[in-house]
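I opened this entry to look up how the interior is packed, where enclosed space remains, and how one helix is covered.

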Amino acid sequence: MAHSQVAYLIPLKADLKEDDSSPRITLSKGPNIIGRGNVSIVDKRLSRKHITIIVSTSGSASLSVEGTNPVVIRSSGGGERKKVKPREEVSVSNDDLIELIPGHHFFKLVLLPIENKGSYERVAKKARKAEDDVEAIRRFCPPNEKLSSTFRLLSVNGLPDWANTSCVSINDVIEGDVVAAILSNYMVDVDWLMSACPKLANIPQVMVIHGEGDGRQEYIQKKKPANWILHKPRLPISFGTHHSKAIFLVYPRGVRVVVHTANLIHVDWNNKSQGLWMQDFPWKDDEIDPPKGCGFEGDLIDYLTVLKWPEFIANLPGRGNVKINAAFFKKFDYSDATVRLIASVPGYHTGLNLKKWGHMKLRTILQECIFDREFCRSPLVYQFSSLGSLDEKWLAEFGNSLSSGITEDKTPLGPGDPLIIWPTVEDVRCSLEGYAAGNAIPSPLKNVEKPFLKKYWARWKADHSARGRAMPHIKTFTRYNDQKLAWFLLTSSNLSKAAWGALQKNNSQLMIRSYELGVLFLPSPIKTQGCIFSCTESNPSTMKAKQARKDEAEKRSKLVTMTWQGDRDSPEIISLPIPYELPPKPYSAEDVPWSWDRGYSKKDVYGQVWPR
């Protein structure tokens, strides 16, 4: 493989400087077809087979035009621009400039020096890594025993099959013999939901906890199946929302807990970059050895109790009629839970409740965790889809929580410099949905253009997950060192005081406006697992997992990205499908952060301007 890669096409900006925001294209020995499918350019003038470049290991190359538009070649020696018409072929040399469309889309051809074998192999190795990174999601196939320790991206329409490897849709989640369901969300499109997941009409009891306004609630009430119950939790503080996104499915064998980032609407489950975690838990066996509570159970019951939905009766096979309320969820064994829950609920939280919710809950858990020394003062990432009205004081308060944690010798990790991953106007314009994607990135100009934020902006760059054009509705926060992660949070929380809470009264009170829910992935001891439990496994016996060796059991798991170069089969390695590039690329001088209340006259991929 190394010796077949003999050249690069390096993308250039209009000023002919290298464009770091676009991936290089590696060229192999022999013919290489370049076109709309393998360049990160949205232009209908580009053909799927636009040009063919034939490269030999001797250092020679030729270019032929396959598409309907001409291509321009500029020689490296500063010669004149030469137009190559369709079906013509010309010789090209090292450092020649190629204009895929005359005057547009510049690339430099770099032929690797065959005479310097060491240099060649170094460049070829870099090329292989770049190629691996570009399609990293193709290799993201976690084994069953690790599925609950990681999360999955949602499938995106219009992408090649390999780009949806191990990704999920709503029917992969709501499956099997469900006897009762609780759907928690902000937006609910009842018409789409019933067509996308007809099974919901046959589940005996479905509770829908939502954040819709009165008009939408009335519509859902009229259109919903008879087996649905609607509940909108109380919002005691103005400008709050019920924003949590979760699904709780009760089966004869146990319960499935799902935490995700998508509204129950078509575009969220089909066109966006989204994340989802789920794990199945068995019923407690109170007769043999009643399991003690654990952190996850406490997190869950505390959160469900606050929702105060009207309890309902469900008939469970072998158990009869059971009241479905918050206390009901104590009947399941969460001792093998692989995450902690980080929730927000509205209110003025003091005393013991101060550390139970929002960023103070995250701070409290991280303070109790031990991390590797490599994460001392390592950077942070804030990635989300809506930006609140922030100030520097609160951003420092929030950063203090996310910088918590110690090393083995009790040394604090120390503060980490954050970057905010946020789509640019160009990202939205060229996205799968064009400017329409901006509807789900609802931040006004007054929030986005605060001067102190400029130093934090970083690009949404997602080539390795094939989601560069699938705009993010996923929300994630993490601390990282290269491709290793200290911890990772997948959540419904955007970057706002309403979602995370703000300290008041000399830090004795935390004020939160909204309901939110997220799952926190942490390094944890590798314990001997007795089973991989599934609520939907056709075989009623529990599948036995591989027993960990003693030396393995003493190790702690390590969190890494999809592009981490190492042995992913190792028991302690947990690979997470982070959709964006780490380290993030800071904005260039030309990049403009998206805000949805500004006008954009440059047409998007559908020929539209904004607002429409």
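Before turning to what covers a helix, I note that contact here means heavy atoms within 4.5 Å. The model I am reading is predicted.

Helix α8. I looked up residues 392-402, which form α8, and found W394, L395, E397, F398, G399, S401 and L402 buried. The cover over the buried residues of α8 includes two helices, α7 (358-367) and α11 (497-500), together with the strands β22 (380-383), β25 (475-481), β26 (484-491) and β27 (502-504). At the N-terminal end of α8 I found a cap by D391, which places a side-chain oxygen 3.1 Å from the backbone nitrogen of K393.

Nonpolar cores. I then looked up the largest nonpolar core, which has 113 residues, and noted that W277, F329, W487 and L495 are the members that touch the most others. Taking F329 from that group, and setting aside its neighbours within four places in sequence, I listed contacts with I182, F248, V255, I301, L304, W309, I324 and Y334. A second core, separate from this one, has 33 residues, among them L183, I203, L264 and F533.

Cavities. I found two cavities of 30 Å³ or more, and the largest cavity holds about 50 Å³ of space. Its lining consists of G298, D299, D302, L341, I342, A343, K356, W357 and K361. Helix α6 (295-307) and strand β20 (340-344) each contribute at least two of these lining residues. Sorting the lining of the largest cavity by class, I recorded four nonpolar, four charged and one polar residue.

Definitions and conventions. Residues numbered from 1 in each chain as written. Predicted model: local features only at pLDDT ≥ 70, side-chain atom pairs only at ≥ 80, totals over all residues. Heavy atoms only, no water. Core = buried A, V, L, I, M, F, W, Y, C linked by side-chain atoms within 4.5 Å. Buried < 20%, exposed > 50% of the residue type's maximum accessible area, 1.4 Å probe, protein only. 1 Å grid on protein atoms, 1.4 Å probe; cavity = no way out; pocket = protein on both sides within 12 Å on 5 of 7 lines; lining within 4 Å. Points joined across faces, edges and corners; volume = space filled by probe spheres on them. Helix = DSSP H or I, 4+ residues; strand = E, 2+ residues; numbered from the N terminus. Nonpolar A, V, L, I, M, F, W, Y, C, P; charged D, E, K, R; others polar. Polar contact = N/O pair within 3.5 Å; in protein donor to acceptor, adjacent residues only side chain to side chain.
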